[in-house]
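Biologist: I'd like to go through this one slowly. Can we take the labels one by one and check what earns each of them?
Modeller: Sure, here it is.

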Amino acid sequence: MSRHRRSRAVRLSAICAVVLSGAWSGPDSQARAGDVQPIKIGFMLPLSGPAAGGSAEGGQQGLRLAVDEINSRHLAARPFEAIIADDASDPRTAAEVCKRLIFQDKVDAIISQGPTANRMACNQAALKAGIPHLAALSGPGGMCIANLFMIGPETSQTLHTLVRQIVKDGNTKLYYMGADSSPIRDALPPAMSAAEAAGGTIIGSSFSPSGTTDFSSELAKIAAARPDAVIMMLMGADAVTFSRQFGGDDRVAAIKRADFLMTEKALHSLGRSGANIYSAASYYSSVPGEAGMEFKASLTRMYGEMAAPDVWAVMAYNAVHALAKAVTSPSSGAKEILEALPNISVDGPEGRIKISGRYISTPVFVGKTDGVGRVQIVATYSDVPPAAHCK
Amino acid sequence: MGVVFDAIFSVSVFLLVSIGLFVILGLMNIVNLAHTAFMAVAVYAELYFTGHGWNFWLSAAAGVAVTTLLGAIVEFAIVRRLYGRHIDDTILATWGVSLILVQVLAIAFGSTTTSVAPPLSGSVKFLGELLSIYRIFIVATVATVVAAMAAVIRFSKAGLIVRMVMTNEPLARGVGINTGMVQRLTFVAGAAFAGLAGTLLGPTQGISPSFASSLLASTFLIVLMSGRRLSGLLFACVAAGLAQTLFSAYGNPVIANVMVICTAVVVLRLKPEGLIWPRH
């Protein structure tokens, strides 16, 4: 084999890798025919890297379903077109991706489902360009930025509801096991206040870096602290890794678990070792109601067995519908959308959400996994307001 | 006692993951950055077969077989073109293979994290501590694999050939050894070890296409500390495992991760030849 041919093999391998690694993005949905230019939405989420795995399937499916509904039922004054982009779980990539979406693809709005650092990195370009940015996920409150709207519950809405429910069920001593990230660390003091207000206390906390493969030492610390329940605030694969190791460790067998960030599919995959895990979110596929049933049926029609009707799908779906409501005339653009968004409500699969400041009032459901990892709803709070108040 | 067993388990995991990298780097001078991607392929194969009703052990064996076959294909299609080339080329090529494999897994199975149930559940009490049976099984399996490997290298004719190729490849070729075949089999064996690591660790981890990728950097450092000797690999894993467990237990996991890297830096500064067993 000549040196030239060997070099070509190396180069071909690298080129194939870059093409397949998700650096490419393209229009996701055909715009409606006609003279009216489509509203372009840039949808950025982690499709690779350590944060991938949470929103990847559900988020894309919810977005595509909403775009399909808006275009087929003419729910907005302009057709919608989505461009999906991978932030690679990396803030620097997120910033570059957003610049490309805004200045090259000329999107009218951005929807994102990445970690807070990626969202903020992306938003620098969006804010500068006056582009609305809808973060379709649960996240920390207190960020009042002109173009940024959280179309998911802020952490306090779900976490504090969850903490109150656990304490109410007699688990007064809690342990906080979180990912080593600023939003998760910042969520601890308010969670302590919520626990104390409900009559409980958080007796210990640990934080582990992303990609931890062995939680033995943390499990030993939890066993030594002897809490009634552990609040798990881990992300992506780490959440499942921790739950698997927790479920297989008899030192902590008597301690209850409450998960805050795991997807329903991940909870389901835990099977028996994931039984009786408390959880709280703005949507579960077991949420009763006609809208929820219709949402699941639509996703199943589009994706069959691969349908992922989870909270990520619902938040992306709601974000696109919120944008559709803000596009009231064929001349509506980024500026008009930004003006309209603060007064918009959406009837989503989980019930009504209403934008309030830069956050939303939303239903919150507390669930518990059964023996096969399905989430059974144990309490419903129909209209939980955000704690953050942005003018 | 709990900390001691946690340290033994941590050393075992490092050994399990690094042994395939060690074999390929030691014999072929190839840094296989696709190692954890091979592990991911194995664990997804295991997940696929358990999902189709196979029991865990058969699925694990199938996972190892799939990865071994994949190793042979990658060796034939890409790696054999890199023998004798600069180490940078092998890094670039295997990194490319890794990205392709991860994306193929994401396309085929989705990116949502899932998991596979462990085949052994429950614990045994030992010196007042509850020890997970499955973790004991992993430790025992790793000990067996390392002992068998040491025996093969030390006492068998195959081991003699391998040692000769490692020491002086042109001389080995000169005395009639098919060094190309030895290298081919070495890469396939490295892939098989990755498969074993993936299938054994699968039930203890969240499974996503980037499965175990966070272990690649630390295990690569371990292989560098090993001095390309099996005894060196054992010492390096003990050093990294102790740093990981002790700093995690008495500090926190963030510091522990940093300390594993610091350990490698200090060792390589003081003993650039690696943690080699002294020979008299």
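Modeller: Let's start with the second largest cavity: D214(A), S216(A), S217(A), D6(B), S10(B), Q244(B), T245(B) and S248(B) line it. Keep in mind that this is a predicted model.

Biologist: What makes these residues its lining?
Modeller: A lining residue needs an atom within 4 Å of a cavity point, and these eight names are the ones listed for this cavity, which holds about 60 Å³ of space.

Biologist: Why are two residues in that lining classed as charged?
Modeller: Asp counts as charged, and the lining includes D214(A) and D6(B), so those give the two charged residues, next to six polar and no nonpolar ones.

Biologist: Which helix gives the largest share of that lining?
Modeller: That's α10(B), with three residues. α8 of chain A and α1 of chain B each supply at least two as well.

Biologist: How do you know that D214(A) forms a salt bridge with R135(B)?
Modeller: The closest N and O atoms are 3.8 Å apart. The cut-off is 4 Å between a side-chain nitrogen of Lys or Arg and a carboxyl oxygen of Asp or Glu, so the Arg–Asp pair qualifies. The count between chain B and chain A is one salt bridge.

Biologist: What does each chain bring to the contact?
Modeller: Chain A brings 46 residues and chain B brings 46. About 3700 Å² is buried between them, 55% of it from carbon and sulfur atoms. On chain B's side, R81(B), R85(B) and T112(B) supply 15% of the area that chain buries, more than any other three residues.

Notes: Residues numbered from 1 in each chain as written. Chains lettered and ligands numbered in written order. Predicted model: local features only at pLDDT ≥ 70, side-chain atom pairs only at ≥ 80, totals over all residues. Heavy atoms only, no water. 1 Å grid on protein atoms, 1.4 Å probe; cavity = no way out; pocket = protein on both sides within 12 Å on 5 of 7 lines; lining within 4 Å. Points joined across faces, edges and corners; volume = space filled by probe spheres on them. Helix = DSSP H or I, 4+ residues; strand = E, 2+ residues; numbered from the N terminus. Contact = heavy atoms within 4.5 Å. Buried area = accessible area lost by both parts, 1.4 Å probe.
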